[in-house]
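Visitor: I have the structure open and would like to know how the descriptive words are earned. Could you walk me through it?

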Amino acid sequence: MGSSPCICVEHWSVPSIDINKVNVDASVTSEPASAPSERGKLESHAGEPSWTTPDCRKPEETVSRIPIAREVGVLDEYLLILLLKIGLLQTHKKWLFVSSVLYFAVPSFILGRFNRARAANLTLPHHVCQTPLFMPVGTQGTIKGLATNQLEDIGCQIILGNTYHLALRPTSELIDELGGLHKFMNWPRALLTDSGGFQMVILRYLMHFVVSLLHLADITEKGVTFQSPVDGKPMLLTPEESIQIQNRIGADIIMALDDVVKTTITGPRIEEAMYRTLRWIDRCIAAHKRPKEQNLFGIVQGGLDPVLRDICVRGLVDRNLPGYAIGGLAGGEDKDSFWRVVAQCTAALPEDKPRYVMGVGYPLDIVVCSALGADMYDCVYPTRTARFGTALIPEGVLKLKNKAMADDTRPIDPTCDCMVCKNYSRAYIHCLVTVDAMGSQLVSYHNLYYMMKLSRDLHSSIIEGKFPEFVCEFLQTMFPKGDVPEWVCNAMEVAGIDISSCSHHVVR
C-alpha cells in the first residue's frame, strides 16, 4: 500500500525552468494522455509506490509516452525516450539538462483535461477511483438506510467516516481490534476520515442556541477541549490524538486537524486560525505512524481573505503532502466568494496531487468546482435531504411530500436507471416518505445514484473532450429559461467555458 495516492501515469510533463530563477514555467503544461499504456503504471503496493512494467524496470528507466516535443522544441520524443532508457537522463525527482535548458520531470496524474477541469484515476490502497468524484458521508461507519453492497452497486468509490463520532462510539480502539473500519463495516473500497475538528466548531456554535451544549468546545494551541455528548466528561482532541485515532481506524485518506472558523466571521480570528492550521500540520505529520498505508491530506484555511489563503496554500505545498483539501467553505458565505476561493486555491495547488473541496454537495457547485480544477467532494446533503422526502433530478429537486405527488405514476426521474426509478412511482414513494422509513431509504438510494452518475459523467466528458457540451446541457436542463446565476457565469468565464448558448447573463 503506497505512501501517497498514486495515479495511473499515462505520460510525463516536463515544464521548463529558468536556470537563474529556478521557477517552474506555468505556461508549459502536459496534454491529455491517450488510452492507458501497458508499459507504465504507477500503483500502490506494500511499502513505497512502485512502477510496474513488463520487465519491472524502475521509473527512471522507462517512460510510456512523452508528448512534449511540440512544447519543448528541443528533442524528438523518441530520442528523449532512448536517452532515458540508456541512462543519460534521469526523470524520477531529478533534474534534466537538455540543450542548455533545465527541466524537472513531474509524473502527471491527469488522464484528460479541458482547461482547468481534470479527470484522473486516483489509486488508493483499497480502490482505484475515477475523479471528479463525490463521497457520501457515513458518519458512524454507515450511510443511513443503505447497505454497503448497495453502495457498491451504485458505484460509490469512497465513503467518508467521522473521526469524532467513531472515536466516541464504538471507539477507535475497538475498530482497530476488529481489523479496522473497512472490515468493521464490510466495505472493500476506499475510506476517508475527517479530523474531527469540524464537529468541534459545530458544537461551539451550537452554544448560542442550545443551553445544554454550553462550554462544549474551546480551541487553544494545544488542541480542542470539549465535553463529551455521551457522558459529559471533558475531552481534549489534539493534532496528535486526531492522527492516532485515524491511524487506528485505518482509512485510505486521513485529514489533518485544522482550526476551523466559519467564513462569515471576520477579523483577527481568521488569521489566527490559518497560522494555527499550519503549525498543527507539522504536529500531524510527526504523529502519523502509517504513512505508507494512509495518505495524510492538509487543509487550506484562510476564510475569504485571498492573502491568507495564499499563505496557507504555499505553507502546505512546502510540506509536500499526498493531497490537499480546501476547507472553511460551504458555511454560509455568498456564492461569488465561494467560487473565487476555490478558483484561487486550485490554481495554486500542485497539478499532480488530488484537490478536495470539503463540505460541497450541491450538484451545481460540484460542476462549477470541477470546471475550476477540483477533484473530490463530500456532503451529507444528498442523504439528509432524502430523509425530508426531497429527490435530486436533473431539473433541480423534486419534493415528494407535496400533495401533487400523491397520484403521480411517473418514476422520480424518467431518465434515471437506478433501482428505485425502475420499480417505484412518485405516488408510492409519496405515501412512504410521510409515514415510513422505507421512503427515505429509497430516496437516499436514488439521490446517491444521481451523485455517482454525475461523477461518472464529469469524468467521461473530460476524457472524451466533451466537457463544455456537458456543462451547457447540465445548465440548460437546470435553468431552461436561461436564468443561470451570475456567479456561475463568472466562474465559467474563469474556467474558460463558453455558456452563452444556455445563459442570458452577459459576463463583463
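Guide: Happily. Let's begin with one word: a residue is called buried when its relative accessible area is under 20%. Please keep in mind that this is a predicted model.

Visitor: Why is phenylalanine 297 called buried?

Guide: The relative accessibility of phenylalanine 297 is 0%. The cut-off is under 20%, so phenylalanine 297 counts as buried. You will find phenylalanine 297 in strand E19.

Visitor: What stands opposite phenylalanine 297?

Guide: Glycine 323, which belongs to E20, stands opposite phenylalanine 297.

Visitor: How do you know that E19 and E20 pair?

Guide: Two strands pair if there are at least two bridges between them. E19, residues 295-300, and E20 have four bridges, in the parallel sense, so the definition is met. As background, strands of a sheet pair through backbone hydrogen bonds, either parallel or antiparallel.

Visitor: What about E20 and E21: how many bridges join them?

Guide: Three bridges join E20 to E21, residues 355-357, and the two strands run parallel. With at least two bridges required, these strands therefore pair as well. Within this pairing, isoleucine 326 stands opposite valine 357 of E21.

Visitor: Which way do the residues of E20 point?

Guide: Gly323 and Ala325 point one way, Tyr324 and Ile326 the other way, and all are buried.

Visitor: What makes E19, H10 and E20 a right-handed unit?

Guide: Look with the strands pointing away from you: a crossover is right-handed if the path from the first strand over the helix to the second runs clockwise. E19, helix H10 (residues 306-318) and E20 make a β-α-β unit of that hand. H10 lies across E19 and E20, and runs at about 160° to E19. The next such unit is built from E20, helix H11 (residues 335-348) and E21, and is right-handed too.

Visitor: What do these strands belong to?

Guide: They belong to a closed barrel of eight strands with parallel pairing, in the order E12-E13-E14-E18-E19-E20-E21-E22. From one strand to the next, the twist averages 30°.

Visitor: Which residues does UniProt list under "active site"?

Guide: The unreviewed UniProt entry lists Asp194 and Asp378. They are spread over 185 residues of sequence yet cluster in space, with a largest C-alpha distance of 10.6 Å.

Visitor: Are those two aspartates buried or exposed?

Guide: Aspartate 194 has 11% relative accessibility, so it counts as buried. Aspartate 378 has 8%, so it counts as buried too. Aspartate 194 is in the loop between strand E14 and helix H7, while aspartate 378 is in strand E22.

Visitor: Why is the link between aspartate 378 and tyrosine 356 called a polar contact?

Guide: The term needs a pair of N or O atoms within 3.5 Å, one able to donate a hydrogen and the other to accept it. The side chains of aspartate 378 and tyrosine 356 are joined at 2.7 Å, so the distance part of the definition is satisfied. Among the residues that aspartate 378 touches are Phe134, Leu160, Val357 and Gly361. Tyrosine 356 also leads back to where we began: its C-alpha is 9.0 Å from that of phenylalanine 297, although 59 residues separate the two in sequence.

Visitor: What makes aspartate 259 count as buried?

Guide: Its relative accessibility is 0%, so aspartate 259 counts as buried. Aspartate 259 has its place in the loop between strand E18 and helix H9. Its side chain makes a polar contact of 2.7 Å with the side chain of arginine 269. Other residues that aspartate 259 touches include Ile219, Trp280 and Gln301.

Visitor: Why is helix H18 called mostly covered?

Guide: Seven of the 10 residues of H18 are buried, including Trp487, Cys489 and Met492. The buried residues of H18 pack against H11, helix H12 and helix H17. Just after H18, glycine 496 takes a positive phi of about 75°.

Visitor: And how many helices and strands does the protein chain have?

Guide: There are 18 helices and 24 strands. Of the 508 residues in the chain, 54% are buried.

Notes:
Residues are numbered from 1 along each chain as its sequence is written. This is a predicted model: local features need pLDDT of at least 70, side-chain atom pairs count only at pLDDT 80 or more; totals for chains, interfaces and linings use all residues. Side-chain values use heavy atoms; hydrogens and water are left out. Buried means under 20% relative accessible area, exposed over 50%, partly exposed in between (1.4 Å probe, protein chains only). Axes are lines fitted to C-alpha atoms, for helices over the stretch in contact, and angles run from 0 to 180 degrees between N-to-C directions. Contact means heavy atoms within 4.5 Å. UniProt positions are given in the numbering used here, feature names are shortened, and annotations may be inferred rather than shown by experiment. Lists of a residue's contacts leave out its neighbours within four places in sequence.
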